[in-house]
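Here is a quick tour for someone meeting this structure for the first time. Have a look at it below, then read on.

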Amino acid sequence: MAGKSTIEWTQVTWNPVTGCTKISAGCKNCYAERMAKRLHLMGSKHYINEFAVTLHEDLRDMNWIIVGGESGPGARPIHQEWVESLQKQALKHDIPFFFKQWGGTNKKKSGKLLNGKVFQESPAFAAIGT
Ligand code: SF4
């Protein structure tokens, strides 16, 4: 979890995926790998697998779940089952769920409807539009 965020609408952020896969010679002296190993040695629960790609699925400690697909050139696809899984966990643990966008190369066209609805809950209020 980042200790402090410069994003105006939050104080901290946490990416539920840790680790990476070395894909090129440029990865040889990876700073993120060194940090992951250090945090593992320090006993951080988020780095129990050191630098192996790990999805931390236990979201109970979250105050807000915001989900969105990448957008712009080269955007990787987001799968509906991923979004629905996160939404299901948010509902189970009573965490506000915000679905920002499907993303892609034309995010306006792909929109933000999830099963026909807009989900824009926040910790301050829980509003679900249609
Ligand atoms: S985080 Fe490290 S291993 Fe992953 S792409 Fe960057 S340099 Fe390579």
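## Two strands and a helix

First things first: this is a predicted model. A good place to start is strand β3, which covers residues 65-68, and strand β4, which covers residues 97-101. These two run parallel and are joined by four bridges. If you want one of the pairs to look for, find valine 67, whose bridge partner in β4 is phenylalanine 99.

Now bring in helix α2, residues 80-92. Together, β3, α2 and β4 form a β-α-β unit, and it is right-handed.

## The nonpolar core

The largest nonpolar core is made of seven residues: Ile65, Val67, Leu86, Ala90, Phe97, Phe99 and Phe119. At least two of these residues come from each of β3, α2 and β4.

Take isoleucine 65 as a way in. Leaving aside residues up to four places away in sequence, isoleucine 65 touches Leu59, Leu86, Ala90, Ile95, Phe97 and Phe98. Among these contacts, Leu86, Ala90 and Phe97 are also listed in the core.

## Around the ligand

Which residues surround the ligand? They are Cys20, Lys22, Ile23, Cys27, Cys30, Ala32 and Glu33. Sorted by character, the shell has five nonpolar residues and two charged ones, with no polar residues.

## An open helix

Next up is helix α1, which spans residues 31-41. Is this helix largely buried or largely in the open? Of its 11 residues, the number buried is one, so α1 lies largely in the open. Just after α1 comes glycine 43, with a positive phi of about 90°.

## Two loop residues with positive phi

Two other spots are worth a visit. Aspartate 94 sits in the loop between α2 and β4. Although aspartate 94 isn't a glycine, its phi is positive, at about 55°. Aspartate 94 counts as exposed because it has 8 C-beta neighbours inside 10 Å, and a residue is called exposed at 12 or fewer.

Asparagine 115 is the other one, and you'll find it in the loop between α3 (107-110) and β5 (118-119). It is a residue other than glycine too, and its phi is positive, near 50°. Why does asparagine 115 count as exposed? Because it has 10 C-beta neighbours inside 10 Å, and the limit for exposed is 12 or fewer.

Methods:
Residues are numbered from 1 along each chain as its sequence is written. This is a predicted model: local features need pLDDT of at least 70, side-chain atom pairs count only at pLDDT 80 or more; totals for chains, interfaces and linings use all residues. Two strands pair if DSSP finds at least two bridges between them. A crossover is right-handed if, with the strands pointing away from the viewer, the path from the first strand over the helix to the second runs clockwise. A residue is near a molecule or strand if its C-beta atom, placed from the backbone, lies within 6 Å of it. Ala, Val, Leu, Ile, Met, Phe, Trp, Tyr, Cys and Pro count as nonpolar, Asp, Glu, Lys and Arg as charged, and the others, Gly among them, as polar. A residue is buried if 20 or more other C-beta atoms lie within 10 Å of its own, exposed if 12 or fewer, and partly exposed in between; C-beta atoms are placed from the backbone. A nonpolar core is a set of buried Ala, Val, Leu, Ile, Met, Phe, Trp, Tyr and Cys residues joined through C-beta atoms within 7 Å. Two residues are in contact if their C-beta atoms, placed from the backbone, lie within 7 Å.
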